[in-house]
Amino acid sequence: MKKLFFASLMLWGFSGIAQNEVQSGFAEYKFNPDHVECMTPIQRAQIMHQLKQSQAALQQKGLLKISSHAAAPKFIWPVKKADSAPYENVWSISNYVDHDPNYPNQIKDWNCGTRTYDTDGGYNHAGIDIFTWPFGWYQFQNNQAEVIAAADGVIVYKSDGNFDMSCSMSGGNWNAVYVQHADGSIAWYGHMKKNSLTAKPVGAAVAAGEFLGVVGSSGNSTGPHLHFEVYNSNFDLVETYQGPCNNFPSGNQSWWQQQKPYEDPKINAVLTHSAVPVFNTCPATETTNLKNDFGNGNSVVAAIYLADQQPSTTVQVQLVRPNNTVAYTTTASANVFYAASYWYWTFTSAYFNMTGTWKFRATYQGKTVTHEFTYGLLSSENIETSKVEIYPNPAKETLTIQGIPVHKIKRVSLYDSSGKMVSEKNRTADKMDVSGLAKGNYVMVIQTDEQTLTKKFIKE
Ligand SMILES: [Zn+2]
């Protein structure tokens, strides 16, 4: 279960603008507090069996060459922000591998901390759980967090087609890709989104950084995350991090090109909203209330989304006018560690005494992230729904959207007659390539910050 803990909700006055108090809030986002095991022992044993069989078959066909002399791979990070996603980072970590063989509640990660878990049944968490943040379900729906190959290798096995919106110990199988490296080690990439997996077949080579699928919540899972688990050529579990409590016989060297710090404090996103976002009950998509263009009279909710926020550290926050003068400044800091947290401020229209492109920016750990939004530019650009057309229709090659200013088009998605999404563009564009679609009836969904329009068309 995903839960939100409202540690505090405060009203912060602001010196100098006493009549315009800015309402602010804070919440922690807690991923998998109930410690659902990422797969059952039976599932793990079945996967091991499949991997060994597939490995033998591929070796016989000459598609897999494993050398005991080859060095262990050096990984890159296996989760990547999709190019179109409006964030800075898309992930945080909920759990590492548990190095304490005893259970329950006897846990120790590679850094001698407790960022891991075990269960009453004797499962010691065997991988890294990388969850998507902010808006894990929204990211899932919009393919904003991609799983990529951490190293060169060969797809030794994969499974797809399983339900991908689990919120608990479902007992179902996950969607996963297994990549074997030259030294015989295998990386497991689990919980992926149904039908998002690479089209490459078992036996095909993949390069480090290559797309493997989309982060999802298939199998035993409490929400979208990647479970990354690694075995050496003897099928011994590998701890990929070098650290003081990595006591695995498989070795205590780092398997990362650049090992990330145990806690990795960073700004994942700076965003503006029409209202405070709502984190709905799993698996409902979050009500993000994302908005970048505000009309006169609107209030603006500006928010920052942090990963691994450290106690007693400070985030500097500024609201900046179109002429680069600062309209509001404040700080955010917490007393304890949060793997995922967000802070927001509601600015009434009284703050927006200038028309144009405003900035909301946050600085944390020496890094500044700036989000731009417009204020007061909307009124002349109201979209008249009845005047929106797509042409030509029927279409062979390209569809053009008419009646919406191009910069207002935020996403265009195409659905076939069965309701399956067949194509999507997450950027400002008034043209959509349909040349690759099969003949038939389709629906185009056009999203702007203010509305969603639906248009039917025929591909011929
Ligand atoms: Zn896991």
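With 460 residues, the protein chain would be expected to have a radius of gyration near 23 Å if it were a compact globule, and its 24 Å agrees with that. Keep in mind as you read that this is a predicted model. Along its principal axes, the C-alpha trace spans about 65 × 60 × 35 Å. Buried residues account for 38% of the 460 residues. Of the contacts between residues at least 6 apart in sequence, 66% join residues at least 24 apart.

The secondary structure comes to two helices and 29 strands. The chain is divided into domain 1 (3-30 + 264-375), domain 2 (41-238) and domain 3 (382-459). Between the centres of domain 2 and domain 3, taken over C-alpha atoms, there are 35 Å.

**Helix α1**

Let us begin the tour with α1, which covers residues 41-60. This helix has 20 residues and reaches 29 Å from its first C-alpha to its last, close to the 28 Å expected at 1.5 Å a residue. Which residues of α1 are buried? They are Ile47, Gln55 and Leu58. Seen down the axis of α1, the buried residues fall within an arc of 70 degrees, so they line one face of the helix. An α-helix has 3.6 residues a turn, so residues three or four places apart point the same way. The buried residues of α1 pack against β8 (153-159) and β9 (176-180). On the other side of α1 the exposed residues are Pro41, Ile42, Ala45, His49, Gln53, Ala56 and Gln60. After the helix comes glycine 62, with a positive phi near 80 degrees.

**Strands and their pairing**

Five strands form an open sheet in the order β16-β22-β21-β18-β19, with mixed pairing. Its edge strands are β16 (293-294) and β19 (326-332), each of which pairs on one side only. Inside this sheet, β21 and β22 form a hairpin with two residues between them. Glutamine 365, in the turn, has a positive phi of about 55 degrees. Tyrosine 364 has lysine 367 as its bridge partner in β22, while phenylalanine 360 stands opposite histidine 371 in β22. At the β16 side, aspartate 293 stands opposite threonine 374 in β22.

Another strand to look at is β20 (residues 338-347), which is mostly covered: nine of its ten residues are buried. Both β3 and β17 pair with β20. Glutamine 23 has threonine 346 as its bridge partner in β20, and glutamine 309 stands opposite tyrosine 338 in that strand. The table sets out four of the pairings.

| Strand pair | Sense | Bridges |
|---|---|---|
| β21 (356-364) and β22 (367-375) | antiparallel | nine bridges |
| β16 and β22 | parallel | two bridges |
| β3 (22-30) and β20 | antiparallel | six bridges |
| β17 (300-309) and β20 | antiparallel | nine bridges |

**Backbone details in the loops**

Most residues other than glycine have a negative phi, and most peptide bonds are trans. Several places in this model depart from that pattern, and they are good ones to check in the viewer.

Where are the cis peptide bonds listed here? One runs from tyrosine 103 to proline 104, with omega near -15 degrees; proline 104 is found in the loop between β5 (91-95) and β6 (128-132). Another runs from asparagine 393 to proline 394, with omega near 5 degrees, and proline 394 is in the loop between β23 (389-391) and β24 (398-402).

Histidine 191 has a positive phi near 80 degrees and sits in the loop between β10 (186-190) and β11 (205-206). Is histidine 191 buried or exposed? It is buried, because 30 other C-beta atoms lie within 10 Å. Phenylalanine 235 also has a positive phi, near 65 degrees, and its place is in the loop between β13 (225-231) and β14 (237-238). Phenylalanine 235 counts as partly exposed because it has 14 C-beta neighbours inside 10 Å.

**A buried valine in a loop**

Valine 434 lies in the loop between β27 (431-433) and β28 (440-447). Why does valine 434 count as buried? It has 20 other C-beta atoms within 10 Å, and a residue is buried if 20 or more lie within that distance. Leaving aside neighbours within four places in sequence, valine 434 is in contact with Ala395, Glu397, Thr398, Leu399 and Lys459. Serine 54 is 380 residues from valine 434 in sequence and 37 Å away in space, C-alpha to C-alpha.

Key:
Residues are numbered from 1 along each chain as its sequence is written. This is a predicted model: local features need pLDDT of at least 70, side-chain atom pairs count only at pLDDT 80 or more; totals for chains, interfaces and linings use all residues. Helices (H or I, at least four residues) and strands (E, at least two) are DSSP runs, numbered from the N terminus. The expected span of a helix is 1.5 Å times one less than its number of residues. A residue is buried if 20 or more other C-beta atoms lie within 10 Å of its own, exposed if 12 or fewer, and partly exposed in between; C-beta atoms are placed from the backbone. The arc is that of the directions from the helix axis to the C-beta atoms. Two residues are in contact if their C-beta atoms, placed from the backbone, lie within 7 Å. The radius of gyration is taken over C-alpha atoms; the globule rule is 2.2 Å times the number of residues to the power 0.38. Domain bounds come from an automatic or database domain assignment. Two strands pair if DSSP finds at least two bridges between them.
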